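The following exercises concern a predicted model. Each task is followed by a solution that proceeds step by step.

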Amino acid sequence: MLPRSTSAGSPQVGDEPATERLERIPAAPLPPPEMPTRIGLGGPDDPGGPGGPGGIDGGRRPSRGRRRILVVSAVVGALGLLYGADLLLSSGSMPRGVTVAGIDIGAMSRADAEEQLRSEIGARTSGPIPVTVGDARGEIDPTAAGLSVDWAGTLDRAAAQPLNPITRITSFFSQREVGVVSIAEPTALGQALEQLGPVVDREPVEGSVRFEGTDPQPVDPRPGQRLDLAAATEVLQRDWANGGVVALPITELPPTTTAEDVATAIKQVARPAVAAPITVNGENDVQGTVTPEVVAASLSFVAENGALTPELNQQSIQDALSSQMAESEKPGRDATFDFSGGRAVVVPSQDGRGVDYEATVAAMVGVLGSPAPREVTAVYAEKPAEVTTEELQALGNPEIIGEFTTGGFAPDSGQNIRRAAELVNGTVVQPGEVFSLDAVTGPRTAANGYVEAGVIDNGRASRGIAGGASQVSTTLYNAAYFAGMTLLEHKAHSYYISRYPAGREATIATGAIDNKFRNDNPTPIMIRTRWTPTSVTVQIYGQRKYEVTGEFGPRTNPTQPNEVTIPSGEDCHPSNGAPGFTITDTRTRRDVDTGEVTRETITTRYNPAPRVVCED
């Protein structure tokens, strides 16, 4: 071993032995292996990103989130380029997948699309439009309805390029309907749809009871329906050119009664009512009997507050009892004129006393459900003359200043015409007084002597209480017209009835449509009626103030009827229909004292009555 050295740099106490130090001196280090150069885009902590040892800024790597953003940005940019290119390439042509009334015109030029639409849609719109309304089928003439295609508007709507990217993408594998742009003339379209109303509109049928002899039978309620004109106008205008059947919307009208109400009415009223006669006890020990047969013929039910209320036809009961109760009454008489001597002579009136049939029949209704024997006490009342001697004398020496006759009615309608004419007969209208036919003849119910008969319900044959009363209204209107009365209120039928003068007729509906005139003459007038099984006449007596003439204008603006088919099982009355038209009537009045002439013109528009076909 070498001796320890004590000079500077010599080993000190605690140093390792020299030999050991020499053995632990490492060999010269080898150069590190060559690393590939890495350029990163990450942050300073990314070895491959900027600032990192291996990147542009030190060699740090990009993060995973940043790579995702870069990918999405690249995709969006590519899609944007494709979207722009698609818009540019499709400019000037129809959008992909677009259809008009089911016709594919996608990617066509505007000219080719128009030619295609005119070829296919034009053929559809040249014929009648098939429609359904509830169970009924019909046809509407598009020309008469004022419908046509707005070709330019339709192409403008179809050519609008969608800007929504999703819509443009889905157009590669789907279709988009844009519909036809229609031109509609509102009045003509409304009139065409109104023609369907008479056939499909029906009021709800309330429950009731009918009699076969004296055997009560149920009449169950049925809902009604009405064409929804506002909604139907929109649907027809939208769908008429699509080539299919257009389903027009209806509104259902529910009845207020039920089948249970009918069963209750039969059990509690109808069946007991005809189980035995009803005795009517009058004054002076006079009695009358109403047989079950008369009760059955007179009894009907009306819906009130969700229940069925019985009522008796007053005229029928009076006809059955009047001769039996006559000995207990003092007859009265209205004043009238006797024309047998060539001039009007007043036959004086006479007051009477007799059975108050309105009150007596009301008492009978109260015992209909009672067990036999059933009796009621007749109610009596003073019966002053309705037309007095003084009223007729005030007319002076009257003449017929207005007269009119109509005919052509059915026997059941004739009963109602007779009843209404009886109520009008003898009415005196004072100077300045207004006459109301609705007030004089109403209420037109079974209880007031009217029966069910044929009616025209919105141009369609139907049945209803007091059918035929409008014939009295028309006859009276014409008599008042020629008498020079001031015509205040009237309404023509919606559909022309050939037995009446066109443009000079008047319907009536209880509480809704009236026939009113005012007597502006200086003296009273009296209305007389005359009924036969085939005609009704109204005469107006008074002092003549005017000479009256009437003149009709030509029938203009004809409208042709549509055809409607009613399915089997529905209430249906076939009809050939009739065209609608417009007509004017001008009344000229010349004052017989002053010679002054006045004219008034009334214009009436009649709807076409549809052709009705009943399926077997």
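**Exercise 1.** State where Pro373 is located and describe the peptide bond that precedes this residue.

*Solution.* Pro373 lies in the loop between helix 12 and strand 20 (374-377); helices (H or I, at least four residues) and strands (E, at least two) are DSSP runs, numbered from the N terminus. The peptide bond joining Ala372 and Pro373 is cis, with omega about -5°.

Residues are numbered from 1 along each chain as its sequence is written. Because the model is predicted, local features need pLDDT of at least 70 and side-chain atom pairs count only at pLDDT 80 or more, whereas totals for chains, interfaces and linings use all residues; side-chain values use heavy atoms, without hydrogens and water.

**Exercise 2.** Locate Pro443 and give the geometry of the bond from Gly442.

*Solution.* Pro443 belongs to the loop between helix 15 (437-441) and strand 25 (452-457). The bond from Gly442 to Pro443 is cis, and omega is near -5°.

**Exercise 3.** Describe the open sheet that contains strands 2, 1 and 6, and identify its edges.

*Solution.* Three strands form this open sheet in the order 2-1-6, with mixed pairing. Strand 2 (103-104) and strand 6 (176-177) are the edges; each has a single partner strand, so one side of each lacks a neighbour in the sheet. Two strands count as paired if DSSP finds at least two bridges between them. Strand 1 (residues 98-100) and strand 2 run antiparallel and are joined by two bridges. In one of these strands, strand 2, Ile103 is the bridge partner of Val100.

**Exercise 4.** Is Ala101 buried or exposed, and what is the sign of its phi?

*Solution.* Ala101 sits in the loop between strand 1 and strand 2. Its phi is near 55°, a positive value in a residue other than glycine. With 7% relative accessibility, Ala101 counts as buried (under 20% relative accessible area; exposed is over 50%, partly exposed in between, with a 1.4 Å probe and protein chains only).

**Exercise 5.** Carry out the corresponding analysis for Ala466.

*Solution.* Ala466 is in the loop between strand 26 (460-465) and helix 16 (469-482). Although Ala466 is not a glycine, its phi is positive, about 70°. Its relative accessibility is 10%, so Ala466 counts as buried.
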